[in-house]
Amino acid sequence: GGMGGMGGMGGMAGMGGMTPSPMYKPSELDDMPHAVNVYVWGFPTYMRPHELSQLFTQTGPIREIDIRPGKEFGFVEYEDHESALMAVRMLPGHVIDGRQVNVTWAKNQPDPPLELQHPTDKEDMEHQDEATAAENPNATNLFVGSYMPGATREMIRAFMEQIGPVASVDASNHREYAFVEYYEHSHAVQAIANLDGVQFNTYRVCIKWARKQPTKARENKPDLSRRGRKLGRGGGWNPERAAPRKRTPEDRGSVEPPNPDCTGIFVAGLGDNPSIDTDSIKQAFEKCGEVLEVRQPRNKDFAFVDYKDHEGAKRAVQEMNGSNLLGCTLVIEWRQRKYHRVVD
């Protein structure tokens, strides 16, 4: 299907002065400079990403479009907040092939930059002893002490996010303690139980309730139930940052193919070597058979490889597991969920 109904849109370069769509609903994300993901629904199920991009690039440059074959919703990730805001304001109600499209902010957004992640205001805090804080559902503020000098806020955050998403890290370079607030009281309780006295780099950290605790819960919590979505550089919490245990070749799940004509494999253990990209993966796996496609989600240590036939995939599962690619030990297994390649 063509893009009927969009011909009259013209360029949107001067959209700043145009009136927003009557379907636009203001949101607090309008003012958050880190928000770049928009949720789109109502387009025809046969739309492909490159067709949708004709509409969405009119408000600014796009980083990624994620739509699943046969679904009438998807996600568009913009390069910057202004372009995404323009899409949310101007594009709801546009007609594509006779279908009215709706556009709102996605629930998942990247983490706000560190300088926007403020600790709770002083006037919203009150003194509490440790016993009270342990029982208070709004208590989320921890004292983190005696870690190594020079640890950055990012390092402290990554250490504390082994438990759950962190709302703010209040630390300065010349002191050797910090205050860390979680979004959830239960995560603060778990951090005291699991991280107090643990080695962080070379120092054993001391973690306990801070003397001041918030009087109310935070309003702008990320949607924690949706973490790990594909466009999930957001959601406030990236569990990858909390350094998961590496998968090893012994961890392999499926050595048997889910069906006898399966052509897709799952490749884990890629690490964070920037020279491991879809090209180098494809080159390594071509020796088992003709590779049609390699998909490597951004910031993940795994990829999906699709072979032209079952034999190539089978050889890869048998021969490539435990092999070395640019210093990384690969874990290869059959891909369980049948992925239907869409042949354009």
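A residue counts as buried under 20% relative accessible area, as exposed over 50%, and as partly exposed in between (1.4 Å probe, protein chains only). The structure treated in these exercises is a predicted model, in which local features need pLDDT of at least 70 and side-chain atom pairs count only at pLDDT 80 or more, whereas totals for chains, interfaces and linings use all residues. Residues are numbered from 1 along each chain as its sequence is written, and side-chain values use heavy atoms, with hydrogens and water left out.

**Exercise 1. Overall content**

State how many helices and strands the protein has, and what percentage of its residues count as buried.

*Solution.* Step 1. Helices (H or I, at least four residues) and strands (E, at least two) are DSSP runs, numbered from the N terminus. On this basis the protein has seven helices and 20 strands.

Step 2. Of its 344 residues, 44% count as buried.

Step 3. Contact means heavy atoms within 4.5 Å. Among contacts with a separation of 6 or more, 73% come from residues 24 or more positions apart.

**Exercise 2. The four-stranded sheet**

Determine the strand order of the open sheet of four strands and identify its edge strands.

*Solution.* Step 1. Strands of a sheet pair through backbone hydrogen bonds, either parallel or antiparallel. Two strands are taken as paired if DSSP finds at least two bridges between them.

Step 2. The order is E2-E3-E1-E6, with antiparallel pairing. Strand E2 (62–67) and strand E6 (102–105) are the edges, since each pairs on one side only.

Step 3. From one strand to the next, the twist averages 20 degrees; here axes are lines fitted to C-alpha atoms, for helices over the stretch in contact, and angles run from 0 to 180 degrees between N-to-C directions.

Step 4. Strands E1 (residues 37–41) and E3 (residues 73–78) run antiparallel and are joined by five bridges. Within this pairing, Trp41 stands opposite Phe73 in E3.

Step 5. Two helices pack on the sheet. Helix H1 (residues 49–56) touches E1, E2, E3 and E6, and its direction makes about 130 degrees with that of E2. Helix H2 (residues 81–90) touches E1, E3 and E6, and its direction makes about 135 degrees with that of E6.

**Exercise 3. The nonpolar cores**

Establish which residues have the most contacts inside the largest nonpolar core, and which elements supply it.

*Solution.* Step 1. A nonpolar core is a set of buried Ala, Val, Leu, Ile, Met, Phe, Trp, Tyr and Cys residues joined through side-chain atoms within 4.5 Å.

Step 2. The largest such core has 24 residues, and Val38, Phe56 and Tyr78 have the most contacts inside it.

Step 3. At least two residues come from each of E1, H1, E2, E3, H2 and E6. H2 gives the most, with four residues.

Step 4. Beyond its neighbours within four places in sequence, Val38 has contacts that include Phe75, Tyr78, Ala84, Val88, Val103 and Trp105.

Step 5. A second, separate core of 23 residues includes Leu270, Ala284, Met320 and Leu330.

**Exercise 4. Salt bridges and cysteines**

Describe where the salt-bridge partners Arg63 and Glu77 lie, and decide whether each is buried or partly exposed.

*Solution.* Step 1. Side chains of opposite charge can pair when their charged atoms come close. The criterion for a salt bridge is a side-chain nitrogen of Lys or Arg within 4 Å of a carboxyl oxygen of Asp or Glu, and a search of the whole structure finds nine.

Step 2. Arg63 and Glu77 meet in a salt bridge (3.5 Å, N to O). Arg63 lies in strand E2 and Glu77 in strand E3, so the pair ties together parts that are 14 residues apart in sequence.

Step 3. Arg63 is partly exposed, at 36% relative accessible area, whereas Glu77 is buried, at 0%. Arg63, Glu77 and Glu79 are linked in a network of salt bridges.

Step 4. Arg335 and Asp306 provide a further example, with their closest N and O atoms 3.2 Å apart. Arg335 follows strand E20 (331–334) and Asp306 lies in strand E17 (residues 302–307), so this pair ties together parts that are 29 residues apart in sequence. Both Arg335 and Asp306 are buried.

Step 5. For disulfides (a pair of cysteine sulfur atoms within 2.5 Å), the search of the whole structure finds zero. Cys262 counts as buried at 4% relative accessibility, and Cys328 counts as buried at 12%.
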